Amino acid sequence: MKNNVYFKYLKPASIELLYAGLSILVALIIGAFFILFTETSPLVAYQRMFEGAFSGNNIYATLFRSTPLILTGLAVAFAFRSGLFNIGAEGQYLIGAFTAAWAGFYFTNLPRIIHLPLVLILAIIAGGLWASIAGFLKAKLGANEVINTIMLNYIAIYLTISYGIRAVNEQPGQPGTPFILSTARIGNLGEIMNVPAIRVHGGFIIALLAALFMWYFMWKTKSGYEIRAVGLNSHAAEYGGVNVAKNVILAMFISGALAGLAGAGEVLGTHSRFIQGMNAGHGFTGIAVALVGNNNPFAVVLSGLLFGALSQGGFAMGRVGVPRDIVTIIQALVIFSIAISQVIRTHLAKKRAKEAAK
Amino acid sequence: MDIILQIFSLTILWSTIRLATPLILASLGGIFSERSGVINIALEGIMLVGAFAGIYGMHLTGSAWFGVLFSIIVGLLIAGIHAVVTVKFKTNQVVSGTAINILASGLTVFLLDVVWNVSGSSPRIGRLPTWTLGPLSFNPIVYIAFIMVPVVWVVLYKTPWGLRIRAVGEHPHAADTMGINVNRIRFICVMLSGAFGGIAGAALSLGELGIFQREMTAGRGFIALAAMIFGKWNPVGAFLASLLFAFAQAISLSAINIPFIPRELINTLPYIVTIIVLATFVGKSAAPKAVGKAYDKGER
């Protein structure tokens, strides 16, 4: 039983879930004080949020909202596992999204079975390469990846939204790129089930597969083992014969690739093109998603679903007069309470170890 | 030739000085925090909330100076969160900073809605007066920033308190042995960085525009950190680096057309310069040795 992989990985995930649940509760309680400013009862607001996220067909909307968040969450978690703080998922998401949109309308006369994978692969490579810039600068020149990934976010915004959209359009003033061809679209669950209200697209399945990929890569391959070794202690890894520089660049590439995939999903499944409002903060929410999921791929999926629910529920709160930016505030509060709870946990574990030693 | 004359014109110089002001103040704040051993990537968020608080303070009191005071107080409060979370609870400093940045981004937009019922930017509230000194004509925060550079240098290198800060950031155990309260110094330094970050935000809103816009800091807090790193955690170095980054910003905001580069991409100049400078001139050296590490008396 102990060697059963499901047992091994799901048990920690359930403990994460408990801590995550408590942290979210704390965040919601503090968030209630902010809601008081809006002269709406926090209880009413939260009730609306809950209904907005879970009742009836809203559950599908939650799955829809969580799709990019699971992927950016995995992206940040992957980098975290290798000891890197990737604050640039937002930029990698934009680069991936733009590449997908471009490849979606540029390649014509391809059958879907070739076009769709091609678009996805190009978006993965583009997002990965964008992140690799920071990985390369970190590995070869020791430049701080935190500041560099943030700078790359701003550059990506100008490159895609300010410049890219104009560059691919003949006429100025377009709010987005041309629409992608139908051969590049990801199928929609609503179409399959014939319920137009349901917007969950194939990107959700891709997100789940990406979580499986991360688990397999990190814990079942040599590369994954090396990347984790670098994350735990880069000096020890170096001494043990691991090429740290190579693994830092590789880890950033895969991290960026996952964020790029999130962008591709939003373009191919949601908007059918790259639009000006594309930078919706999914990359930053991914940081919270990864932290709540404690960088465990399966817990990240659950955490992504939770943040999807928060985001979807935020719209419902907006209708009772609570600005939906309360969701961003709650996300930040969740990060604080998760981070503090982890410290308390380590403290408790140490105390227990000390007592056991006596 | 024409471009070179445009780039090194007086217009660009004045614009550089104005744009350098928030960077100088925020990087000085960063120096206090990091010299004591606490990474403060929350400066971006502190600046943003400071910018909002300045406009809100002026909206409430009608006085721009009260607005500045509001910015400083709110900067202290937000930095206080970072101080409690990182110094007291010993949480990962980058994680806490990121959370504050996300909080600031959400909170300011939330409050725009609650206070003025708008989403993008506040109504025009007003700004600080302009002080003219000979050829110089700037808002008062600009002068404050330039005066603070030597002040912080003297505090850091010529006072016993500055010595303590540096000791705490380099070797907390040794400092502790000497009877210095490591966590108290760190707490104070993080708070100080909040005051600097707050007034840096006021320089943007009250000093320049007279309004608050969502995400108006646009990465300046991070650029200020890069200036601090480029300046090797020294106030004078950070000041010069801030001028360099502000120069890049001044060019990107001016009407100068650079050949072969599309107009929209010239705006990326400050960010690209930051990356290039960090990658080429800095390397791994010079950070305070204990930066990023929480101090726990019992551990070795």
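Residues 38-58 of chain B form a span that is 76% helix and 0% strand, with end C-alpha atoms 32 Å apart. Helices here are DSSP runs of H or I with at least four residues, strands are runs of E with at least two, and both are numbered from the N terminus. The model is predicted, so local features need pLDDT of at least 70 and side-chain atom pairs count only at pLDDT 80 or more, while totals for chains, interfaces and linings use all residues. Residues are numbered from 1 along each chain as its sequence is written, chains are lettered from A and ligands numbered from 1 in the order in which they are written, and side-chain values use heavy atoms, with hydrogens and water left out.

**Spans from the record**

An unreviewed UniProt entry gives the label "transmembrane region" to several stretches of chain B, including residues 6-26 and 38-58. For chain A, UniProt (again an unreviewed entry) lists stretches under that label, among them residues 114-137 and 248-268. These positions follow the numbering used here, feature names are shortened, and annotations may be inferred rather than shown by experiment. Here is how some of these stretches look in the model.

| Span | Helix | Strand | End C-alpha atoms apart |
|---|---|---|---|
| Chain B, residues 6-26 | 90% | 0% | 29 Å |
| Chain A, residues 114-137 | 100% | 0% | 34 Å |
| Chain A, residues 248-268 | 100% | 0% | 30 Å |

**Two places to look inside**

Let's pick out a residue and a helix. B:Ile46 sits in helix α3 (residues 43-61) of chain B. B:Ile46 is buried, with a relative accessible area of 0%; buried means under 20%, exposed over 50%, and partly exposed in between, using a 1.4 Å probe and protein chains only. Its C-alpha atom is 9.1 Å from that of B:Ser193, although 147 residues separate the two along the chain.

In chain A, helix α13 (residues 297-318) has 22 residues and runs 31 Å from its first C-alpha to its last, close to the expected 32 Å. That expected span is 1.5 Å times one less than the number of residues. Because 16 of its 22 residues are buried, α13(A) is largely enclosed by the rest of the structure. Where this helix starts, a side-chain oxygen of A:Asn296 comes within 2.9 Å of the backbone nitrogen of A:Phe298.

**Empty space**

Rolling a probe the size of a water molecule over the atoms shows where empty space is left. On a 1 Å grid over the protein atoms alone, a cavity is a set of points where a 1.4 Å probe fits but cannot get out; a pocket is an open set with protein on both sides within 12 Å along at least five of seven lines; lining residues have an atom within 4 Å of a point. Grid points are joined across faces, edges and corners, and a volume is the space filled by probe spheres set on the points.

The whole structure holds two cavities of 30 Å³ or more. The largest cavity has a volume of about 40 Å³, and its lining includes A:Thr67, A:Leu120 and A:Gly265. The second largest cavity holds about 30 Å³, with B:Gln93 and B:Arg186 among its lining residues.

The second largest pocket contains about 1,500 Å³ of space. Its lining has 48 residues, with A:Glu90, A:Asn279, A:Ala280, A:Gly281 and A:Phe284 nearest the centre. Helix α5 (residues 93-116) of chain B gives the most to this lining, six residues.

Terms used:
A polar contact is a pair of N or O atoms within 3.5 Å; within protein, one must be able to donate a hydrogen and the other to accept it, and residues adjacent in sequence count only if both atoms are side-chain atoms.
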